[in-house]
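Here is a walk through a structure, one step at a time. Keep the 3D view open and follow along.

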Amino acid sequence: MQAEDSNPPDGGYGWVVVVSAFMVMGLTVAVLKTFGLFFVEIQQHFDGLASTTSWITSVTIAIFHLGAPVASSLCARYTHRAVVITGGLLAFSGMALGFFGFNMVWMYVTTGFLQGLGISFSWTPAISIVSHYFSKKRALANAIASAGECAFAFTFGPFFQWLISQYGWKGALLIIGGIQLNICIGGALMRPLASSCLLEAHHSETRTPPGKSASRIDKEDKSPITHKTFNWMLLKRPEFVLYAIFGILAAMSFFVPPLFLVPFSYSLGIDESWTASLLSILAMVDFAGRLLCGWYANLHVTKTIHLLVMTITLISTSLMLLPLANNYVSLAIFTGFYGFFFGTTVAIHITVLADVVGMPEFDSALGLFMLIRSSGGFVGPPLAGLIVDMAGDYRAGFYMAGATLILSAGFLVTLDQLQQRKERESQTSTKPEKSTLSYPSLHLLKH
Amino acid sequence: ERNISLANATTVELSCKLDPNFHLRNPQVTWKRGNETISHTTKAENSWSIKLVIVDSSKMGSYSCIVKGDEEIRATFYLHVPKIEAREKPIITYEKDTAVMVCKSDSTPMTWTWYMMRGNNPVIINESLWTDKYLISRLSANVTRLRILKLTKEDAGVYWCEAVFQLGESERKMELKVLSIMAPLKPFIAIVAEVIILVTTIILYEVYSKRKGK
C-alpha cells in the first residue's frame with residue numbers, strides 16, 4: 001500500500017534528485033571528514049590543548065545527530081527543498097564566520113554548532129528525498145547518492161591542504177564556506193513530489209476513505225500528529241526497535257577503525273605518506289563498494305536485509321583479520337576489504353530502514369534512527385580507546401569493532417525472522433495491512 | 001652514527017664495542033676529533049671508551065672511533081645543543097590580524113630571544129620598545145611564544161627564535177606571510193555569485209515550466 005507515494009517516478013527527474021543528493025552529501029559529510037586538516041592550525045593559533053580543539057568536531061557531530069530528527073519533522077512541514085536550502089545557508093555561515101576566528105568559543109559556535117546544524121539540515125532531507133523518489137530502484141539511487149561522500153572526500157584532502165597553504169586556515173574556511181553554499185543549488189533542484197507528506201496531511205482531514213480497512217483510517221487520523229512532533233510511536237514497533245539497536249551497535253563500531261588505522265599504521269613502522277595513501281585507498285574502495293552494492297541490490301536477487309547481514313559479516317571478518325597485518329601491503333589489502341564492505345553497508349542501510357518502516361513514516365523514522373544511532377557513535381570511540389589503553393595495542397580496537405558488528409548482525413537476523421513470521425501470518429489473511437508488506441512480498445514472489 | 005643532544009655542562013662517556021665474532025686479530029682502535037687523536041681513558045675486553053668533560057661549546061662536535069683491521073671502520077658520535085622545534089610551513093596571516101609563533105625545545109635554555117629580519121639586518125625584538133605590537137611570553141621552561149599584533153604587509157618576512165644554553169646557541173627560522181583580506185575574498189565572492197545565479201536560474205526555470213504546464 002504505497003498510496004502515499006503513489007507513483008514514485010523511479011527515474012526521470014528522480015535522477016536529477018540523485019545527482020543533487022550526491023552533491024549535498026559530498027559538500028556536507030566530506031567537509032566534516034576532512035576538517036581534521038584544520039586541527040593543528042587552529043590549535044597552534046589559539047594555543048589550545050589537543051582535547052579542547054577536538055571539541056569543535058565533537059560539537060559538529062553531536063549537533064549533526066541531534067538535528068537530524070528536527071530536520072525530518074521540518075521536512076514534512078516545509079518540504080525537503082526548503083530545509084536543504086536552510087541547511088546550506090547555515091553551513092555556509094558557520095564556515096564563513098569561522099574566518100573571523102576571535103577565540104576558541106567563537107570556533108565552537110561557528111565551525112561547531114552552525115556547521116553541524118547546517119550539515120544536519122542538508123544531509124537528512126537529501127537522503128530522505130531520494131528514497132521518496134524511488135521504489136524499485138531505491139537501492140541503486142541511495143547507493144549513488146551516498147557515493148558522493150567518498151568522491152568529494154577523496155578530492156577534498158589535497159584540495160583543503162592547498163587552500164590552507166595559499167590562504168591560511170582563516171581564508172580557507174571562508175572559501176570552503178562559499179563552496180558549501182552550493183548545497184543550496186542541490187536543494188533548489190529537489191522538487192517536492194506531488195504526493196508528499198504535506199499534501200497527505202491536508203487530504204486526511206477532508207477525505208473519508210470508502211471501503212478501506214480500519215488500519216488505514218487510524219493512520220490518517222494519526223498523520224497530522226506524527227508530522228508535527230517526533231514520531232515516538234515508532235518505538236512501539238518491534239521492527240524499528242530492533243533496527244535501532246542494530247544501528248547503535250553498528251555506530252559503535254563504525255567510527256573506530258578510521259580512528260585507529262593511522263596510529264596502527266605508524267606503529268607498524270609505515271611512514272606518513274604511505275599512511276595517507278591508505279586513507280585514499282579507503283575512500284576509493286568505499287566509493288566502489290557503494291556503487292557495486294547499489295547495482296547488486298537493484299537486481300532484487302537478494303532481500304536487502306539479507307544483503308545487509310552479509311555485508312556486516314564481511315566487514316567484521318575484515319576487521320578481525322586486519323590485526324594480522326604486519327607490513328604495508330597486508331595492511332593495504334585488509335584496509336581495502338574493510339573499506340569496500342563498509343561502502344556496501346552504508347549504501348544499503350538506509351534502504352533497509354525504508355523497508356523496515358515503510359515510506360509514510362520514513363522521514364520521521366530517519367530522524368529518530370539517526371538520533372538513537374548517535375549514542376553508539378558517542379560511546380564507541382572512547383570505549384575503544386579504553387580497550388586499546390588496557391590492552392596496550394591498537395589491534396584490540398579492531399577486534400572490538402569486529403565483535404560489536406557481529407553482535408549487531410544478530411539483531412538484524414532477529415529482525416528478519418520477525419518480519420518473515422509476520423509475512424507468513426498475514427499471507428493467511430486476504431488483505432495486506434501494512435505498507436511494509438508490498439515490497440517484501442515482491443521478493444517472495446521471485447524466490 | 002649517533003646524535004647526542006646536550007644542554008648543560010656535563011661529563012660524557014663514549015664507547016665503541018666490537019662485535020666478538022668480527023675480528024680475531026689484534027685490532028687497533030683510535031679515537032679522533034677531526035684530525036686530533038684522543039687517547040682512550042678505559043679499555044675493556046672488546047670496547048674502547050673515552051671520557052669527555054664538556055663545559056662550553058668548544059668541546060662540542062663530532063667524535064669518531066676508528067678501527068684499523070682489514071678495512072677501516074668508523075663510528076661517529078655527534079654532540080650538539082638541543083634542536084628547536086617550530087612550525088616548518090610558512091605562517092599565513094591577514095592584515096590587522098594577530099600572528100602567533102611558538103618555539104619548543106627538549107631542554108630548558110637559559111634565555112630565549114626573538115629576532116626578525118629587516119632588510120638584510122637581523123633585529124632583536126625588544127618588546128618593551130613596542131608593547132602594543134610584540135608580545136613575548138614564556139609559556140613554560142621549554143616553550144616560548146611570540147605574538148605580533150596589528151599586522152601590516154611590512155611585517156612579512158623571516159623571524160627566528162634563539163635559545164641560549166650553557167653549551168651553545170640553537171635557533172630556528174620561520175616565515176611569516178601577510179595577505180590582504182581581498183585575497184580569499186575574491187574567490188569567495190565569485191563562488192557566492194555563481195550560487196546565486198544558478199539558484200535563480202533553477203527557480204525561474206521551474207516557475208516558467210509550471211506556467212507552461214498550466
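Let's start with an acidic residue that is tucked away: Asp355(A) is buried, with a relative accessible area of 11%. Bear in mind as you look that this is a predicted model. So what does the side chain of Asp355(A) meet in a salt bridge? The partner is Arg138(A), with N and O 4.0 Å apart. Asp355(A) sits in helix 13 of chain A and Arg138(A) in helix 5 of chain A, so this pair ties together parts that lie 217 residues apart in sequence. Arg138(A) is buried as well, because its relative accessible area is 4% and the cut-off for buried is under 20%.

Now stay with helix 13 and look at the nonpolar side of things. The largest nonpolar core has 71 residues. Among those with the most contacts inside this core are Phe240(A), Tyr243(A), Leu331(A) and Leu412(A). Which helix gives the largest share of the core? That's helix 13 (residues 328-357) of chain A, with 15 residues. And where does the core lie with respect to domain 1 and domain 2 of chain A? Domain 1 (8-196) and domain 2 (230-423) both give residues to the core, so it lies between them.

For a feel of the packing, click on Leu308(A), another of the residues with the most contacts inside the core. Leaving aside residues up to four places away in sequence, Leu308(A) touches Tyr243(A), Phe246(A), Thr345(A), Ile348(A), His349(A), Val352(A) and Leu412(A). There is also a second, separate core, this one of 58 residues, and Ala21(A), Val24(A), Met107(A) and Ile179(A) are included in it.

Next, swing the view round to where the two chains meet. Here, 26 residues of chain A are in contact with 24 residues of chain B. The size of an interface is often given as the accessible area lost when the parts come together. For chain A and chain B the buried area is about 2100 Å², and carbon and sulfur atoms give 66% of that. As for charged and polar pairs, the rule finds four salt bridges across this interface, along with six residue pairs in polar contact. Which helices of chain A each supply at least two residues of the side that touches chain B? They are helix 2 (36-46), helix 3 (50-98), helix 5 (138-180) and helix 6 (183-189). Helix 5 gives the most to that side, with eleven residues. To see one salt bridge between the chains, find Lys170(A) and Asp97(B), whose side chains meet at 2.7 Å, N to O.

Over all chains, the structure holds 19 salt bridges. In chain B, try the one between Arg118(B) and Asp155(B), at 3.9 Å from N to O. This pair links distant parts of the chain: Arg118(B) is in strand 12 (residues 111-118), while Asp155(B) is in the loop between strand 15 (143-148) and strand 16 (157-165), 37 residues apart. Arg118(B) is partly exposed at 29% relative accessible area, whereas Asp155(B) is buried at 5%.

Back in chain A, Arg395(A) forms a salt bridge with Asp393(A), the closest N and O atoms being 3.2 Å apart. Arg395(A) is partly exposed, at 27%, and Asp393(A) counts as partly exposed too, at 30%. To finish, look for Lys33(A), Glu149(A), Asp286(A) and Arg290(A), which are linked in a network of salt bridges.

Terms used:
Residues numbered from 1 in each chain as written. Chains lettered and ligands numbered in written order. Predicted model: local features only at pLDDT ≥ 70, side-chain atom pairs only at ≥ 80, totals over all residues. Heavy atoms only, no water. Core = buried A, V, L, I, M, F, W, Y, C linked by side-chain atoms within 4.5 Å. Buried < 20%, exposed > 50% of the residue type's maximum accessible area, 1.4 Å probe, protein only. Helix = DSSP H or I, 4+ residues; strand = E, 2+ residues; numbered from the N terminus. Domains from an automatic or database assignment. Contact = heavy atoms within 4.5 Å. Buried area = accessible area lost by both parts, 1.4 Å probe. Polar contact = N/O pair within 3.5 Å; in protein donor to acceptor, adjacent residues only side chain to side chain.
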